[in-house]
Amino acid sequence: MPFIKQKSCIKKVRSRFVKVAKYVTDFCPIHADSAVNSLYYNIFVCPHCGFSYSEDFSRYFPPTTMEIILEKVSSHWVPHHFSKERSIKDAINTYKLAAEL
């Protein structure tokens with residue numbers, strides 16, 4: 001994890017397993033296999049501190065960012081894992097965690 005530098009298991013869908021059947025008018029992909037929706041796994045969540053990010057996030061942290069994350073996220077974090085198969089509710093929760101800041 002880029003924030004606290006602890007190792008943890010994250011689940012990522014390999015692109016070769018993602019088959020898109022079509023795209024909706026807003027370019028949202030409709031997957032051929034509804035059980036493999038890559039959007040559910042776009043956000044990675046640290047099970048230790050709750051820090052959440054995607055590969056699109058910058059690896060640069062401005063000087064006060066660590067304190068803000070510790071205050072707004074980590075201090076309220078109840079340790080749990082999103083490393084198993086995700087439901088739509090799990091996916092929404094990961095996006096909410098990533099949008100927290």
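**Figure 1. The largest nonpolar core has seven residues.** The members of this core are Phe 44, Cys 46, Cys 49, Phe 51, Tyr 53, Ile 69 and Val 73. The model shown here and in the other views is predicted. Phe 44 has a relative accessibility of 5%, so Phe 44 counts as buried. Phe 51 is also buried, because its relative accessibility is 6%. Tyr 53 counts as buried as well, at 11% relative accessibility. A second core, separate from the largest one, has six residues. Among them are Ile 43, Val 45, Phe 82 and Leu 97.

**Figure 2. Phe 44, Phe 51 and Tyr 53 make up one aromatic cluster.** A pair of aromatic rings is described by two values, the distance of the centres and the angle of the planes. Two aromatic pairs are found in a search of the whole structure. In the pair of Phe 44 and Tyr 53, the ring centres are 5.4 Å apart and the planes stand at 55°, so this pair is tilted. The pair of Phe 51 and Tyr 53 is stacked, with 5.5 Å from centre to centre and 20° between the planes. An angle under 30 degrees counts as stacked and one over 60 as edge-to-face, with the rest called tilted. Tyr 53 belongs to the tilted pair and to the stacked pair. The residues Phe 44, Phe 51 and Tyr 53 also appear in the list of the largest nonpolar core.

**Figure 3. Val 20, Tyr 23 and Phe 27 make a nonpolar patch on the surface.** The area of this patch is about 360 Å². Tyr 23 is part of strand β1, which covers residues 20-23. Its relative accessibility is 55%, so Tyr 23 counts as exposed. Phe 27 is exposed too, because its relative accessible area is 67%. The cut-off for exposed is over 50%.

**Figure 4. Phe 27 has a positive phi although it is not a glycine.** The value of phi at Phe 27 is about 70°. For most residues other than glycine, phi is negative. Phe 27 sits in the loop between β1 and β2, where β2 covers residues 29-31. This Phe 27 is one of the residues that make the nonpolar surface patch.

**Figure 5. Asn 42 is in contact with Tyr 53, Ser 54 and Tyr 95.** Neighbours of Asn 42 within four places in sequence are left aside in this list. Asn 42 lies in the loop between β2 and β3, where β3 covers residues 44-45. With a relative accessible area of 31%, Asn 42 counts as partly exposed. Asn 42 and Tyr 95 are 53 residues apart along the chain, and their C-alpha atoms are separated by 8.5 Å.

**Figure 6. Tyr 95 touches Leu 39, Asn 42 and Ile 43.** Residues up to four places away in sequence are not counted here. Tyr 95 is located in helix α2, which covers residues 88-99. Its relative accessible area is 33%, so Tyr 95 is partly exposed. Between Tyr 95 and Leu 39 there are 9.9 Å, C-alpha to C-alpha, and the two are 56 residues apart in sequence. Ile 43, which Tyr 95 touches, is one of the residues of the second core.

**Figure 7. His 80 is found in the loop between α1 and α2.** Helix α1 covers residues 65-72. His 80 is partly exposed, because its relative accessible area is 34%. The C-alpha atoms of His 80 and Val 45 are separated by 9.4 Å, and the two residues are 35 residues apart along the chain. Val 45 belongs to the second core.

**Figure 8. The protein has two helices and four strands.** Along the sequence, these elements follow the pattern β-β-β-β-α-α. The protein has 101 residues, and 31% of them count as buried. Among contacts with a separation of 6 or more, 58% are between residues 24 or more positions apart. The accessible surface of the protein comes to about 7,300 Å². Of this surface, 58% belongs to carbon and sulfur atoms.

Conventions
Residues numbered from 1 in each chain as written. Predicted model: local features only at pLDDT ≥ 70, side-chain atom pairs only at ≥ 80, totals over all residues. Heavy atoms only, no water. Patch = residues over 30% accessible without salt bridge, like charges linked within 9 Å, V, L, I, M, F, W, Y side chains within 5 Å. Areas by Shrake-Rupley, 256 points an atom, 1.4 Å probe, with all protein chains shown as cover. Salt bridge = Lys/Arg side-chain N within 4 Å of Asp/Glu carboxyl O. Buried < 20%, exposed > 50% of the residue type's maximum accessible area, 1.4 Å probe, protein only. Contact = heavy atoms within 4.5 Å. Phe/Tyr/Trp six-rings, centres within 6.5 Å; stacked < 30°, edge-to-face > 60°. Core = buried A, V, L, I, M, F, W, Y, C linked by side-chain atoms within 4.5 Å.
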